[in-house]
Amino acid sequence: GTLGIAPATRKMESLLRRVARLSSSVLITGATGTGKEVAARFLHALSLHATSPFIAVNCAAIPADLMESELFGHEKGAFTGAGQRHLGYVERAADGTLFLDEIADLRPELQAKLLRLIEGRTFQRVGGERELPFRGRLVTATNADLARRVADGQFREDLLYRINVVTVHMPSLRERPEDIPWLMDRLFTEFADRTETGLKGISALAEEAALHHAWPGNIRELRNRMERGVALALGPWLMPGDLFPEHLGEVSATEMIGSLETARHDAERRHILRALAATDGEIISAARLLGIGRTTLWEKMRRLGMNIET
Ligand SMILES: Nc1ncnc2c1ncn2[C@@H]1O[C@H](COP(=O)(O)OP(=O)(O)OP(=O)(O)O)[C@@H](O)[C@H]1O
Ligand SMILES: [Mg+2]
C-alpha cells in the first residue's frame with residue numbers, strides 16, 4: 001500500500017484507486033488528521049487529469065461574504081472594490097480537481113449555487129451574464145456527520161446526494177494499528193534526514209508506547225510528535241519520553257515493569273507488526289520471514305488480540 005498497510009487502510013486505498021479514474025463526485029469523511037486531504041490528492045494523482053490543477057478550498061476558512069466570488073470569480077465592477085475580473089477556484093480548477101474541504105461549513109446560499117454547479121455543470125462569475133462550463137471533478141471532505149446536518153436542517157439533502165456519489169471513509173489511527181509502526185518508520189526517515197540527528201532509530205519502548213496511545217489527533221498528531229521527538233531526542237534511540245514528554249515522570253519505574261509474559265507478548269506483537277510492515281501486509285510472506293507457518297501466525301495474532309482481516 002501507499003497510504004498504509006492495515007486492512008482498513010488497504011480497503012480504503014483500493015476504493016480510492018477504483019474511483020480515481022471515474023469522474024464521479026467523491027466525499028471523503030473521517031476524523032481530524034486522518035488524511036482526508038492526502039486522500040484527495042492521491043485521487044487526483046491517479047485520475048485521468050493528473051496534470052491539470054488540484055485546487056483546494058477550505059470552506060471554513062474563507063469569510064462568508066467573500067466565498068461566492070472566491071469560488072466562482074467575479075467580473076470587473078461586479079461590486080465595490082471589484083476593480084478587475086477575478087477567476088474563482090471553480091474556473092481555475094479547469095478539468096482538474098476542485099477539492100472543497102470542510103464542506104459542512106458551506107452556507108445555505110452557496111449550497112444552492114454548488115448544487116447548480118454539479119447538476120448543470122455550469123456556473124456564473126459574480127456580476128457575469130454568461131453561463132460558463134465546469135469540466136472539473138468535485139471532491140469534498142468533512143469530519144462532520146452530514147446526515148445529521150441534513151436532519152437538523154443545516155445541510156441540503158439534495159446536495160448531499162450529489163456530493164456523495166462515492167463516499168470514502170478514512171479510518172482513525174486506532175482502527176489501523178498496523179500503520180503506526182509503518183508510519184513511524186517513514187516519518188523517522190523523513191525527519192532524521194532533514195535534521196541530521198545522531199539518532200539511530202526508534203526504540204522498541206517508543207513503538208510500544210505509540211501502540212498504546214489513543215491518537216485523538218490521528219496521523220497529524222503522530223507526525224507532530226515524531227517531528228518534535230526527532231528534533232529534541234538526546235539519542236541514540238528515540239524513547240517514549242521523546243514522543244510523549246507530557247507523560248515523563250508520570251509512570252514510576254516499578255509500574256513500568258510488567259510481567260515477563262506481558263513483555264514477551266508485547267515484543268511478539270511488535271515483531272509481527274514489523275514483519276507485516278516489511279512485507280506490505282502479506283501474511284504468507286510475513287510468516288515466512290518469521291520462520292513460522294501461516295496458520296501459526298494467524299493463531300498467534302488472534303491470541304495477541306491483533307486485527308486479522310484480509
Ligand atoms: N498516509 C499518510 N502517510 C503519511 N503522512 C500522512 C498520511 N496521511 C496523512 N498524513 C499526514 O497527516 C497530516 C494530516 O493529514 P490531512 O491534512 O490530509 O488530514 P485531514 O483529515 O485533512 O485533517 P483535518 O480534518 O484536520 O483537515 C498531514 O501532515 C499529512 O501529511
Ligand atoms: Mg483537512
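User: Happy to start with the ligand: how many residues surround ligand 1?
Analyst: This is a predicted model, where local features need pLDDT of at least 70, side-chain atom pairs count only at pLDDT 80 or more, and totals for chains, interfaces and linings use all residues. Side-chain values use heavy atoms, with hydrogens and water left out. A residue is near a molecule if one of its heavy atoms lies within 4 Å of it. The closest are T32, G33, K36, V38 and R220, and the full count around ligand 1 is 14 residues.

User: Which residue has a polar backbone atom 3.0 Å from an oxygen atom of ligand 1?
Analyst: A polar contact is a pair of N or O atoms within 3.5 Å; within protein, one must be able to donate a hydrogen and the other to accept it, and residues adjacent in sequence count only if both atoms are side-chain atoms. T32 uses a polar side-chain atom, 2.9 Å from a ligand 1 oxygen, and R220 also offers a polar side-chain atom, at 2.8 Å. The backbone atom at 3.0 Å belongs to V38.

User: What share of the accessible area of ligand 1 does the protein cover?
Analyst: Accessible areas come from the Shrake-Rupley method with a 1.4 Å probe. On its own, ligand 1 has 630 Å², and the protein covers 80%.

User: Where are the two domains, and how far apart are their C-alpha centres?
Analyst: An automatic or database domain assignment supplies the bounds. Domain 1 spans 7–171 and domain 2 spans 174–303. Their C-alpha centres are separated by 36 Å.

User: What area is buried between domain 1 and domain 2?
Analyst: Buried area is the accessible area (1.4 Å probe) that two parts lose on being put together, summed over both. Carbon and sulfur atoms give 42% of the total, which is about 810 Å².

Key
Residues are numbered from 1 along each chain as its sequence is written. Chains are lettered from A and ligands numbered from 1 in the order in which they are written.
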